[in-house]
Each structure stands twice: as structure tokens, then as C-alpha cells.
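Q: Please take a close look at one helix in this predicted model. Where do some of its residues sit, and what do they touch?

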Amino acid sequence: MEELLELRQFLEQGKIHEALLLVDELEEMSLSDKINKIDSYGVILLIHLIKQKAEKRSTRSGDVSIENTVREINKINKRRKSGGYYLNQTELMDTLQQGYQVALKRAALEAFEGRYEAQELAAMLDQQETLAEALKLIQQ
């Protein structure tokens, strides 16, 4: 809110250059917030996909969580006014790749009642296949 008041002051004072710099900063903050949210939901999506693939079974709660996370990612990523997306396919994949190890560690706590360490769980999976499936779900 403070930034908006500062923006108003710049505009009232005719300081267009300073106002535009502040607008750029606000846009960057907004994008960063969206990327962080997409990353968080991406990790949740990956946790459930990792558990499904490792255990070779699906649960209703897992399926619902996958649906919900995909919906949230798409909602956050969609540009409202101009159309399009904040993150393209490559950027989404990069975000998923960055969150994979976190998701693997968290999935290891849940899959098989926590009997396996993250490295052991990783050996049961094809990371690229899991990431590709996550991206495919997001893009449907």
C-alpha cells in the first residue's frame, strides 16, 4: 500500500520517470509473488504424483489434491486482462524442476508410510517422466 501512495505522490509532482520505476518494481514484486505461489502448488502436485508413481496406486484424496493444485496453478498463472500466462511452458518446467527435490523429500515421509528415504524413493521413479506428467496436467 505504501508503494501506491508513493506512486500517487510521484504522479502529482510530475515525476514520471520515478513513477515508472516504481511501477516496474511493483510489477516485479507481483510476478515474484505469482512465481512463489506456483512453485508451492507445483511442489504439492509433485508430491502426489511421486507418491502415486512410487506406490503404483491412486487415492481419491490424492486425485482431488492433484486436481486442486492444477486448478490453482492455472488460476495464478493466467493473466486476467491481457490474456496469456505469466510463466510459459519452459518457465513452468524450470519451476517444477527446482521444486522436485523438495517434493521428493516430503513424499518420502508419506509414501509407503515413510519407510524409504528420499534417495530410495527417487530410485523407484523416472524424474523426467514425473515432471513431464506434471507439466501435461497443468497444460490441459
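A: Start with E55, which lies in helix α2, a helix covering residues 16-55. The relative accessibility of E55 is 19%. Buried means under 20%, so E55 counts as buried. The side chain of E55 reaches the backbone nitrogen of F112 at a distance of 2.6 Å. Once neighbours within four places in sequence are set aside, E55 is in contact with E110, A111 and F112.

Next comes the nonpolar core. The largest nonpolar core in this predicted model has 29 residues. Those with the most contacts inside this core are L45, L46, I50 and L121. Helix α2 is among the elements that give two or more residues to the core; the others are α3 (60-77), α4 (89-110), α5 (118-123) and α6 (127-139). In soluble globular proteins, nonpolar side chains tend to be buried together.

L46 can serve as an example from the core. Leaving aside neighbours within four places in sequence, L46 is in contact with L96, G99, Y100, A103, T130, L131 and A134.

Now turn to I16, which also has its place in helix α2. I16 has a relative accessibility of 48%. Partly exposed covers values between 20% and 50%, so I16 falls into that class. Together with L11 and L20, I16 forms a nonpolar patch on the surface. The accessible area of these three residues together is about 290 Å².

To sum up, helix α2 holds the buried E55 and the partly exposed I16, and it gives two or more residues to the largest nonpolar core.

Methods: Residues are numbered from 1 along each chain as its sequence is written. This is a predicted model: local features need pLDDT of at least 70, side-chain atom pairs count only at pLDDT 80 or more; totals for chains, interfaces and linings use all residues. Side-chain values use heavy atoms; hydrogens and water are left out. Helices (H or I, at least four residues) and strands (E, at least two) are DSSP runs, numbered from the N terminus. Buried means under 20% relative accessible area, exposed over 50%, partly exposed in between (1.4 Å probe, protein chains only). A polar contact is a pair of N or O atoms within 3.5 Å; within protein, one must be able to donate a hydrogen and the other to accept it, and residues adjacent in sequence count only if both atoms are side-chain atoms. Contact means heavy atoms within 4.5 Å. A nonpolar core is a set of buried Ala, Val, Leu, Ile, Met, Phe, Trp, Tyr and Cys residues joined through side-chain atoms within 4.5 Å. Patches are made of residues with over 30% relative accessible area and no salt bridge: like charges are joined within 9 Å, nonpolar side chains (Val, Leu, Ile, Met, Phe, Trp, Tyr) within 5 Å. Accessible areas come from the Shrake-Rupley method with a 1.4 Å probe; for residues, only the protein chains shown count as cover. A salt bridge is a side-chain nitrogen of Lys or Arg within 4 Å of a carboxyl oxygen of Asp or Glu.
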